[in-house]
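Open the model in your viewer and keep the selection tool at hand. The stops below say what to select and what is there.

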Amino acid sequence: MPLESMIPMEESKDEGCCSINFLKYVLYMFNFVFMLSGLAVFGVAVWSLAAEPHYILLLATASFGTAAYVLMAAGLLVVITSVVGCLGALRESLPCLLTYTFVLLLIFLMESMAGVLAYVYQVQLQMELAQHLNSTFTNKYGMQLAYTEAIDDMQQDFHCCGATYYTNWQYSRWLDSEANAERRKVPDSCCKTVVELCGRRDHPSNINPAGCVHQLDFVIQDHLVVVGAVGVGVSVVQIFGVIISCCLFVKLKNYGRGY
């Protein structure tokens with residue numbers, strides 16, 4: 001069969017819903033949505049870290065912060081990868097499409113890991129707070145500035161006092177230290193109306209008697225649900241990107257149009 005008659009037959013096979021042009025347009029649309037999802041992931045990660053910056057310091061492990069930082073890195077990588085995917089489809093570059101597919105798989109693993117970390121940490125959070133928070137309050141308040149500021153902020157924001165109850169402060173190192181030269185019974189941040197030296201009187205009519213552990217647990221749990229849902233949800237969407245890029249890669253290779 002003459003070569004001239006074979007070319008139209010080959011071109012005619014590249015038609016319909018699985019044609020190269022169709023796959024390229026689908027990949028363009030996917031990358032546009034993918035880029036928006038990357039910006040959303042990055043925004044959620046920044047929100048998670050910025051909304052409660054001091055409170056994260058009081059947690060026993062770095063799981064919460066790790067999940068947020070992994071999502072932040074994945075979000076930035078998503079934006080860059082989307083551009084690479086569009087260029088690969090536009091120029092019909094096989095190496096570019098192959099790199100795009102492998103990076104998609106990497107991002108998939110990162111976001112899945114962040115989602116799993118968030119959900120695993122959600123389960124152990126209550127136990128950790130109950131065991132660790134009281135020790136942090138009694139041993140580090142007044143001793144380390146960062147912890148002191150974090151605890152003061154928490155007690156004012158949550159209208160609470162102590163880890164589990166205001167009487168926790170009776171056993172703190174701060175109570176008899178030089179940092180409490182004015183002999184307050186509780187920090188001023190425990191008071192319903194915060195004024196200097198108001199902590200000298202620890203009657204429930206003057207202070208917020210409830211502990212902070214339950215409020216902190218509620219806030220962190222909310223953040224973990226959002227971080228976990230975004231991480232797992234976006235990672236599932238990326239499976240479609242991997243399938244589309246693989247199909248386009250195979251098509252281009254079969255028709256000898258890639259380089």
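Select Val232, which has 33% relative accessibility and therefore counts as partly exposed. Val232 sits in helix H7. This is a predicted model, and every value in the tour is computed from it.

Now add Tyr119, Val236, Ile239 and Ile243 to the selection; together with Val232 they form a nonpolar patch on the surface. The accessible area of the five together is about 400 Å². Helix H7, residues 213-254, gives the most to this patch, with four residues.

**The whole chain**

Clear the selection and colour by secondary structure. The chain has seven helices and zero strands, in the order α-α-α-α-α-α-α along the sequence. Of its 259 residues, 46% are buried. Show the surface: its accessible area comes to about 13,200 Å², and carbon and sulfur atoms account for 67% of that. Among contacts between residues at least 6 apart in sequence, 74% join residues at least 24 apart.

**The nonpolar core**

Hide the surface and select Phe137, Trp169, Leu216 and Leu248. These are the residues with the most contacts inside the largest nonpolar core, which has 64 residues. Helices H2 (20-51), H4 (63-91), H5 (94-140), H6 (145-158) and H7 each supply at least two residues of this core. As a general point, nonpolar side chains in soluble globular proteins tend to be buried together.

Keep Leu248 alone. Is Leu248 buried or exposed? Its relative accessibility is 0%, so Leu248 counts as buried. Leu248 is in helix H7, as is Val232. Which residues does Leu248 touch, not counting those up to four places away in sequence? They are Ile20, Leu23, Lys24, Leu27, Ala89 and Leu97. Draw a distance from Leu248 to Leu23: the C-alpha atoms are 6.0 Å apart, while the two residues are 225 apart in sequence.

**Lys24 and its partner**

One of the residues in contact with Leu248 is Lys24, so select that next, along with Glu92. Their side chains meet in a salt bridge, with N and O 3.2 Å apart. Lys24 lies in helix H2 and Glu92 in the loop between H4 and H5, so the pair ties together parts that are 68 residues apart in sequence. Both Lys24 and Glu92 are buried.

**A salt-bridge network**

How many salt bridges does a search of the whole structure find? The search finds three. For the others, select Glu182, Arg184 and Asp188. The side chains of Glu182 and Arg184 meet in a salt bridge of 2.9 Å, N to O. Arg184 also forms a salt bridge with Asp188, where the closest N and O atoms are 2.9 Å apart. Through these shared partners, Glu182, Arg184 and Asp188 are joined into one network.

Check the cover around each residue. Glu182 has 32% relative accessibility, so Glu182 counts as partly exposed. Arg184 has a relative accessible area of 12%, which means that Arg184 is buried. Asp188 is buried as well.

**Helix H6**

Last, select helix H6. This helix has 14 residues and reaches 20 Å from its first C-alpha to its last, close to the 20 Å expected at 1.5 Å a residue. Its buried residues include Tyr147, Ile151, Asp152, Met154 and Phe158. Step on to His159, which follows H6 and has a positive phi, near 55°.

Key. Residues are numbered from 1 along each chain as its sequence is written. This is a predicted model: local features need pLDDT of at least 70, side-chain atom pairs count only at pLDDT 80 or more; totals for chains, interfaces and linings use all residues. Side-chain values use heavy atoms; hydrogens and water are left out. Patches are made of residues with over 30% relative accessible area and no salt bridge: like charges are joined within 9 Å, nonpolar side chains (Val, Leu, Ile, Met, Phe, Trp, Tyr) within 5 Å. Accessible areas come from the Shrake-Rupley method with a 1.4 Å probe; for residues, only the protein chains shown count as cover. A salt bridge is a side-chain nitrogen of Lys or Arg within 4 Å of a carboxyl oxygen of Asp or Glu. Buried means under 20% relative accessible area, exposed over 50%, partly exposed in between (1.4 Å probe, protein chains only). A nonpolar core is a set of buried Ala, Val, Leu, Ile, Met, Phe, Trp, Tyr and Cys residues joined through side-chain atoms within 4.5 Å. Contact means heavy atoms within 4.5 Å. The expected span of a helix is 1.5 Å times one less than its number of residues.
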